[in-house]
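Subject: Structure handover

Hello,

Here is the structure I said I would pass on. My notes on it follow below the display.

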Amino acid sequence: MKIIKFLFFFLFFLILISVIIIYNLNQTYNIKKIINDLEKDLNAKIILNEEPDWIFLPKIQLDIKSKIENNLNIYSSKEMNISFTQSYNFSPLNFNIDSNSFFINGLEIKSLEAYGNYIYNDKKIILKSLTGKVGEGKFFLNGNIDNSELKKIDIIGDLKNLHLNQILRQLNLANWKRIEIKLTSNQFKLTTNANNILQTAEASVPINGSMYFAVTEEERFGIAFLRLLIEKTPNLNNLSKSLSQIIDGFDGKPALFKGDLNIKNGLIQTDNLNVKNQNNRIDIKGSYDMISDLFDIKILFFESDNLVVEAIVLGNIENPSIQIVNENVISNNKDENIDLKKVFDEGIQSLIDKLLGISE
């Protein structure tokens with residue numbers, strides 16, 4: 001009789017425990033709840049492409065194939081694979097994410113892959129690896145993301161041969177046609193807040209890469225002819241020197257650049273960025289305000305370590321002005337300062353025609 005009672009209570013206890021476990025599994029691993037939580041954290045809509053695949057032995061694993069659309073139209077992907085893995089112990093939740101094509105504000109990232117851990121109690125994401133391709137360039141990132149009220153993001157990473165022109169075009173920020181820039185950065189560090197990424201970003205970014213400046217045959221002839229006119233128009237001497245530096249020193253010849261970018265309070269600042277090609281060098285110092293979209297930069301043209309001419313870059317990233325400095329002074333008088341970018345946009349021949357018209 002005692003054995004029967006023992007078996008009865010044992011079975012009752014086993015059934016009760018089973019019901020509790022099943023209930024907890026249903027609450028914890030309910031697919032609707034998981035997706036709702038993800039949508040809330042990501043501020044996005046997740047649409048399943050097919051039914052999720054559950055695996056419960058030897059570990060709990062959930063595989064989701066879906067598409068994702070940010071509610072603010074910041075990012076999207078038509079195909080995204082997300083995998084969550086939890087061992088039967090107190091270890092963090094593991095995740096794997098991959099997408100063949102992921103868009104951020106129009107910028108396409110191919111072969112996006114990410115994996116890491118999520119720590120429940122601390123609401124912290126440990127990003128062990130985030131990789132992807134942008135055109136021919138690649139990036140490799142890792143770091144920590146605090147998903148609590150702090151929303152702090154710490155990232156360390158490498159950038160390899162990113163085509164800056166392509167990125168600016170896809171983000172619809174600028175369409176630079178004259179200059180081609182490819183940049184690399186090793187072990188840059190970034191700290192920011194997810195709620196105000198640009199305003200709170202602080203970063204130290206060592207960069208290097210190559211720059212190519214495109215010049216036409218007409219412009220080569222034009223600069224040679226412009227030199228002949230300098231005697232009659234001495235106020236254009238600095239303009240002629242800067243054009244000569246660009247056309248003679250960097251025409252069709254990839255130049256190498258190197259320096260450091262420091263980011264804080266929405267400003268990208270540098271005081272040691274330089275571009276070199278044989279005996280020619282261009283030093284760049286100043287800042288770019290990412291929030292206001294404004295340049296405040298000085299460009300110094302060197303030949304054999306001798307300063308030839310200076311220019312000031314002002315305006316926005318889409319259409320900046322590059323004002324030649326005459327005797328280290330920038331004037332509001334348009335007749336005294338000439339926009340180097342405008343000269344290239346309108347054509348050197350157009351400038352020569354105006355000069356010839358004046359001299360006549």
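**Salt bridges**

Arg281, Asp283 and Asp305 are linked in a network of salt bridges. A salt bridge here is a side-chain nitrogen of Lys or Arg within 4 Å of a carboxyl oxygen of Asp or Glu. Please note that this is a predicted model, in which local features need pLDDT of at least 70 and side-chain atom pairs count only at pLDDT 80 or more, while totals for chains, interfaces and linings use all residues. Residues are numbered from 1 along each chain as its sequence is written, and side-chain values use heavy atoms, with hydrogens and water left out.

In the network, Asp283 pairs with Arg281, with 2.9 Å between the closest N and O atoms. Arg281 also pairs with Asp305, where the closest N and O atoms are 3.0 Å apart. Arg281 lies in strand S14 (residues 280–289) and Asp305 in the loop between strand S15 (294–303) and strand S16 (306–315), so this pair ties together parts that are 24 residues apart in sequence. Strands and helices are DSSP runs numbered from the N terminus (strands: E, at least two residues; helices: H or I, at least four).

Are the members of the Arg281 and Asp305 pair buried or exposed? Arg281 is buried, with a relative accessible area of 17%, and Asp305 is exposed, with 60%. The cut-offs are under 20% relative accessible area for buried, over 50% for exposed, and partly exposed in between (1.4 Å probe, protein chains only). Asp283 is buried too.

Glu310 and Lys298 also form a salt bridge through their side chains, at 3.7 Å from N to O. This pair links distant parts of the chain, with Glu310 in strand S16 and Lys298 in strand S15, 12 residues apart. Glu310 counts as buried at 12% relative accessibility, whereas Lys298 counts as partly exposed at 35%. A search of the whole structure finds four salt bridges.

**The chain as a whole**

The protein chain has eight helices and 17 strands. It has 360 residues, of which 39% count as buried. About 21,900 Å² of the chain is exposed, and carbon and sulfur atoms supply 56% of that. Accessible areas come from the Shrake-Rupley method with a 1.4 Å probe; for residues, only the protein chains shown count as cover. Of the contacts between residues at least 6 apart in sequence, 42% join residues at least 24 apart. A contact means heavy atoms within 4.5 Å.

**Core and surface patch**

The largest nonpolar core has 68 residues, and those with the most contacts inside it are Phe84, Phe139, Phe257, Ile299, Phe301 and Leu340. Strand S11 (residues 202–213) gives the most to this core, with five residues. Such a core is a set of buried Ala, Val, Leu, Ile, Met, Phe, Trp, Tyr and Cys residues joined through side-chain atoms within 4.5 Å. Beyond its neighbours within four places in sequence, Phe301 is in contact with residues including Arg281, Ile282, Val308 and Leu340.

On the surface, Phe56, Leu57 and Tyr88 form a nonpolar patch with about 360 Å² of accessible area together. Patches are made of residues with over 30% relative accessible area and no salt bridge (like charges joined within 9 Å; nonpolar side chains, meaning Val, Leu, Ile, Met, Phe, Trp and Tyr, within 5 Å). Tyr88 lies in the loop between strand S4 (75–86) and strand S5 (93–104).

**Ser77, Lys78 and Asn117**

Ser77 is in strand S4, and so is Lys78. Ser77 counts as buried at 3% relative accessibility, whereas Lys78 counts as exposed at 71%.

The side chains of Ser77 and Ser99 are joined by a polar contact of 2.7 Å. A polar contact is a pair of N or O atoms within 3.5 Å (within protein, one must be able to donate a hydrogen and the other to accept it, and residues adjacent in sequence count only if both atoms are side-chain atoms). A polar atom of the Ser77 side chain also lies 3.0 Å from the backbone oxygen of Ser101. Leaving aside neighbours within four places in sequence, Lys78 is in contact with Asn49, Ser66 and Lys67.

Asn117 is found in strand S6 (residues 107–119) and is buried, with a relative accessible area of 10%. Its side chain makes a polar contact of 3.4 Å with that of Lys128.

Regards
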